[in-house]
Amino acid sequence: MTTRQYEKSERVDLADEAVHWDLGSSLSYGEYLHLDKLLSAQHPLTGEHNEMLFIIVHQVSELWMRLMLHELTASLECVRRDNLDPALKMLARISRSQNQLISVWDVLSTMTPFEYTAFRNALGRSSGFQSVQYRMLEFLFGNKNAEMLAVHKRDPQAYAALERALAEPSLYDEVLRLLSRRGYGIPEDYLSRDFREPYVASKQVAGAWLGVYHNTGKDWDLYELAERLVDLDHNFQLWRAHHLKTVERIIGYKPGTGGTGGVSYLAKALELKFFPELWQIRTSM
């Protein structure tokens with residue numbers, strides 16, 4: 001057999017495949033996904049080879065966060081309507097998306113300090129700290145901090161959206177309202193509190209969750225909901241930990257471009273939990 005014959009035998013035989021070679025009036029794959037816009041959105045500011053990696057990693061992260069927000073807002077509405085089956089599916093999908101966000105740091109960590117320093121000054125004060133979608137995720141999960149709004153003032157539309165999310169009940173607030181409707185003892189001042197304020201853990205709320213775990217036969221869906229929330233919290237902590245170690249690996253203990261202390265700032269968030277009572281009661285079970 002000649003080399004040419006060998007190469008031909010390795011090709012996929014399309015003779016019996018009904019491939020649409022002519023798309024006619026149908027959208028193409030690239031048109032449906034708007035790939036012309038998506039793949040032309042990478043504009044390095046320097047001639048450094050590694051800046052493209054930095055841009056794509058952060059753009060991909062924002063796309064995954066876009067999906068997470070899509071699922072989170074829908075699941076939140078389902079919880080309001082006591083419709084937990086689709087909410088559980090959506091929350092599970094968010095957890096899978098979080099795994100993708102975590103794995104992105106593995107790619108970025110291939111960048112060395114020398115490679116990052118070569119283009120870092122071109123970033124100016126731009127930073128992931130200014131991510132509107134990340135801040136929205138935190139607010140919707142329940143990490144409310146009004147101080148964080150200030151950095152978004154230059155974008156009135158984003159500022160207004162974040163301000164609304166700050167004032168409205170978070171996913172956890174809506175879950176506690178659901179527990180109350182199901183007969184679990186949630187303090188009244190937790191059901192109608194000022195939702196702009198940071199959440200403070202409650203012994204009564206912890207007791208309600210213990211009741212859920214002890215009544216799985218009656219309220220299996222609430223038990224499943226609790227475990228989905230733990231998954232989300234767990235993955236967020238892993239994401240923060242991977243972020244910290246990647247930053248430490250690439251810039252050491254230099255300040256971040258957004259003005260924070262860098263690693264020292266990221267370390268402050270490692271112990272943050274969106275759903276604190278679900279962690280507290282694990283010692284009691």
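Of the contacts in the protein between residues with a separation of 6 or more, 72% join residues that are 24 or more positions apart, where a contact means heavy atoms within 4.5 Å. The structure is a predicted model, in which local features need pLDDT of at least 70 and side-chain atom pairs count only at pLDDT 80 or more, while totals for chains, interfaces and linings use all residues. Residues are numbered from 1 along each chain as its sequence is written, and side-chain values use heavy atoms, with hydrogens and water left out.

The secondary structure comes to 14 helices and 0 strands, so that, read from the N terminus on, the elements run α-α-α-α-α-α-α-α-α-α-α-α-α-α; helices (H or I, at least four residues) and strands (E, at least two) are DSSP runs, numbered from the N terminus. Along its principal axes, the C-alpha trace spans about 80 × 55 × 40 Å. The protein exposes about 16700 Å², and carbon and sulfur atoms supply 55% of that area, with accessible areas taken from the Shrake-Rupley method with a 1.4 Å probe and, for residues, only the protein chains shown counting as cover. There are 32 positive and 37 negative side chains, and the centres of the two sets lie 4 Å apart. In this count Lys and Arg are positive and Asp and Glu negative, with His and the chain ends not counted, and the place of a charge is taken as NZ of Lys, CZ of Arg, CG of Asp or CD of Glu.

Buried residues make up 40% of the 285 residues in the protein; buried means under 20% relative accessible area, exposed over 50%, and partly exposed in between, for a 1.4 Å probe and protein chains only. The largest nonpolar core has 72 residues, and those with the most contacts inside it are Phe-141, Leu-171, Trp-209, Leu-229 and Leu-278. Such a core is a set of buried Ala, Val, Leu, Ile, Met, Phe, Trp, Tyr and Cys residues joined through side-chain atoms within 4.5 Å. Helix 12 (residues 220-251) gives the largest share of this core, 12 residues. Not counting residues up to four places away in sequence, Trp-209 touches ten residues' worth of surroundings that can be followed by name, namely Tyr-172, Val-175, Leu-176, Leu-179, Leu-222, Ala-226, Leu-229, Glu-277, Leu-278 and Ile-281.Helix 12 also holds Gln-237 and Thr-246. Gln-237 is buried, with a relative accessible area of 18%, and, leaving aside its neighbours within four places in sequence, Gln-237 is in contact with Leu-270, Leu-272, Lys-273 and Trp-279. Thr-246 counts as buried because its relative accessibility is 7%, and beyond its neighbours up to four places away in sequence, Thr-246 touches Trp-105, Leu-108 and Ser-109. A polar atom of the side chain of Thr-246 lies 2.8 Å from the backbone oxygen of His-242, a polar contact being a pair of N or O atoms within 3.5 Å, of which, within protein, one must be able to donate a hydrogen and the other to accept it, and for which residues adjacent in sequence count only if both atoms are side-chain atoms. The C-alpha atoms of Thr-246 and Gly-185 are separated by 42 Å, with their positions 61 residues apart along the chain.

Past helix 12, Thr-257 has its place in the loop between helix 12 and helix 13. With neighbours within four places in sequence left aside, Thr-257 is in contact with Tyr-116, Arg-120, Leu-123, Gly-124, Arg-125, Ser-126 and Ser-127. One of these, Ser-126, has its backbone oxygen 2.6 Å from a polar atom of the side chain of Thr-257. Thr-257 and Asp-194 are 63 residues apart in sequence, and their C-alpha atoms are 33 Å apart in space.

Ser-264 lies in helix 13 (residues 263-268) and counts as partly exposed because its relative accessibility is 44%. The side chain of Ser-264 has a polar atom 3.3 Å from the backbone oxygen of Gly-261. From C-alpha to C-alpha, Ser-264 and Ser-97 are 27 Å apart in space, and they are 167 residues apart in sequence.

Two loop residues remain to be described for their backbone angles. Most residues other than glycine have a negative phi. His-34, in the loop between helix 2 (29-32) and helix 3 (35-38), has a positive phi of about 55° although it is not a glycine. His-34 is partly exposed, with a relative accessible area of 44%. Asp-82, found in the loop between helix 4 (51-80) and helix 5 (84-108), has a phi near 60°, a positive value in a residue other than glycine. Asp-82 is partly exposed as well, with a relative accessible area of 35%.
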